[in-house]
Amino acid sequence: MRPYLGLAVIFGFYALGELVSSYLNLPVPGSVLGMLFLLFALLGGAVKLEWVENEAEFLVKNMSILFIPPGVGIVAYLGLIRTQILPISVALVLSFIVTLFVTSKTVEVLRR
């Protein structure tokens with residue numbers, strides 16, 4: 001019965017995030033909102049870590065399976081990707097540089 005509780009909590013917060021995102025017409029994905037709601041529930045003590053720990057570890061360990069659909073999508077739209085390779089490459093490089101910079105500054109602030 002315990003695995004069902006963990007999955008119900010995780011998917012419940014996912015559904016809550018999706019509902020809030022669609023109802024309020026927010027530009028933030030519902031899955032991200034659901035993760036934030038779950039984080040705040042864990043930090044606030046409304047949800048116990050033991051309830052979701054095993055199921056979350058299972059999902060993280062098997063995360064590579066979740067990348068199969070995007071991989072198939074890339075293959076399916078390879079022609080479109082080829083025509084837009086320059087904007088895609090620029091966006092990837094710039095986002096990498098920004099992420100690297102923000103991460104390094106965050107680490108500097110946290111280490112002080």
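## Ser 21 and its surroundings

Leaving aside neighbours within four places in sequence, Ser 21 is in contact with Leu 26, Val 28, Pro 29, Gly 30 and Leu 33. The model is predicted. Ser 21 itself belongs to helix 1. Its relative accessibility is 8%, so Ser 21 counts as buried.

One of these partners also takes part in a polar approach. The Ser 21 side chain reaches the backbone oxygen of Val 28, at 2.8 Å.

## Helix 1 against helix 2

Helix 1 spans residues 2-23, and helix 2 spans residues 30-44. The two pack at about 125 degrees. Their axes are 7 Å apart. Helix 1 and helix 2 are therefore oblique to each other. An angle of about 125 degrees lies outside the 65 to 115 range for roughly perpendicular and is not over 145, so the pair is not roughly antiparallel either. The crossing is right-handed.

On the helix 1 side, the contact uses Val 9, Phe 13, Tyr 14, Leu 16, Gly 17, Glu 18, Val 20 and Ser 21. They meet Gly 30, Ser 31, Leu 33, Gly 34, Phe 37, Leu 38 and Ala 41 of helix 2. By class, the residues of this contact are nine nonpolar, five polar and one charged. Ser 21 appears in this contact, and its own partners include Gly 30 and Leu 33.

## The loop between helices 1 and 2

Asn 25 sits in the loop that links helix 1 and helix 2. Its phi is near 55 degrees. That is a positive value in a residue other than glycine. Is Asn 25 buried or exposed? At 68% relative accessibility, Asn 25 counts as exposed.

## Helix 1 against helix 3

Helix 3 covers residues 49-61. Helix 1 and helix 3 pack at an angle of about 80 degrees. Their axes are 8 Å apart. Helix 1 and helix 3 are therefore roughly perpendicular to each other.

Helix 1 supplies Arg 2, Pro 3, Leu 5, Gly 6, Leu 7, Val 9 and Ile 10. Helix 3 supplies Glu 50, Trp 51, Val 52, Asn 54, Glu 55, Ala 56 and Leu 59. This contact has nine nonpolar, two polar and three charged residues. Val 9 is listed in the contact with helix 3 and also in the contact with helix 2.

## Glu 55 in the helix 3 contact

Glu 55 is placed in helix 3. Which residues does Glu 55 touch, leaving aside its neighbours within four places in sequence? The partners are Arg 2, Pro 3, Gly 6, Leu 7 and Ile 10. With a relative accessible area of 11%, Glu 55 is buried. The cut-off for buried is under 20%.

## Leu 42, between helices 2 and 3

Leu 42 is found in helix 2. Its relative accessible area is 28%, so Leu 42 is partly exposed. Beyond neighbours within four places in sequence, Leu 42 is in contact with Val 47, Lys 48, Leu 49 and Val 52.

Leu 42 and Val 52 are 10 residues apart in sequence. Their C-alpha atoms are 9.7 Å apart in space. Val 52 is also one of the helix 3 residues that meet helix 1.

## Asn 62, after helix 3

Asn 62 lies in the loop between helix 3 and helix 4, the latter being residues 68-76. Asn 62 is partly exposed, with a relative accessible area of 29%. Arg 112 is 50 residues apart from Asn 62 along the chain. The C-alpha atoms of the two are separated by 36 Å.

Terms used:
Residues are numbered from 1 along each chain as its sequence is written. This is a predicted model: local features need pLDDT of at least 70, side-chain atom pairs count only at pLDDT 80 or more; totals for chains, interfaces and linings use all residues. Side-chain values use heavy atoms; hydrogens and water are left out. Axes are lines fitted to C-alpha atoms, for helices over the stretch in contact, and angles run from 0 to 180 degrees between N-to-C directions. Helices (H or I, at least four residues) and strands (E, at least two) are DSSP runs, numbered from the N terminus. Angles under 35 degrees count as roughly parallel, over 145 as roughly antiparallel, 65 to 115 as roughly perpendicular and the rest as oblique. A crossing is left-handed if the near helix is turned anticlockwise from the far one by less than a right angle, and right-handed if clockwise. Contact means heavy atoms within 4.5 Å. Ala, Val, Leu, Ile, Met, Phe, Trp, Tyr, Cys and Pro count as nonpolar, Asp, Glu, Lys and Arg as charged, and the others, Gly among them, as polar. Buried means under 20% relative accessible area, exposed over 50%, partly exposed in between (1.4 Å probe, protein chains only). A polar contact is a pair of N or O atoms within 3.5 Å; within protein, one must be able to donate a hydrogen and the other to accept it, and residues adjacent in sequence count only if both atoms are side-chain atoms.
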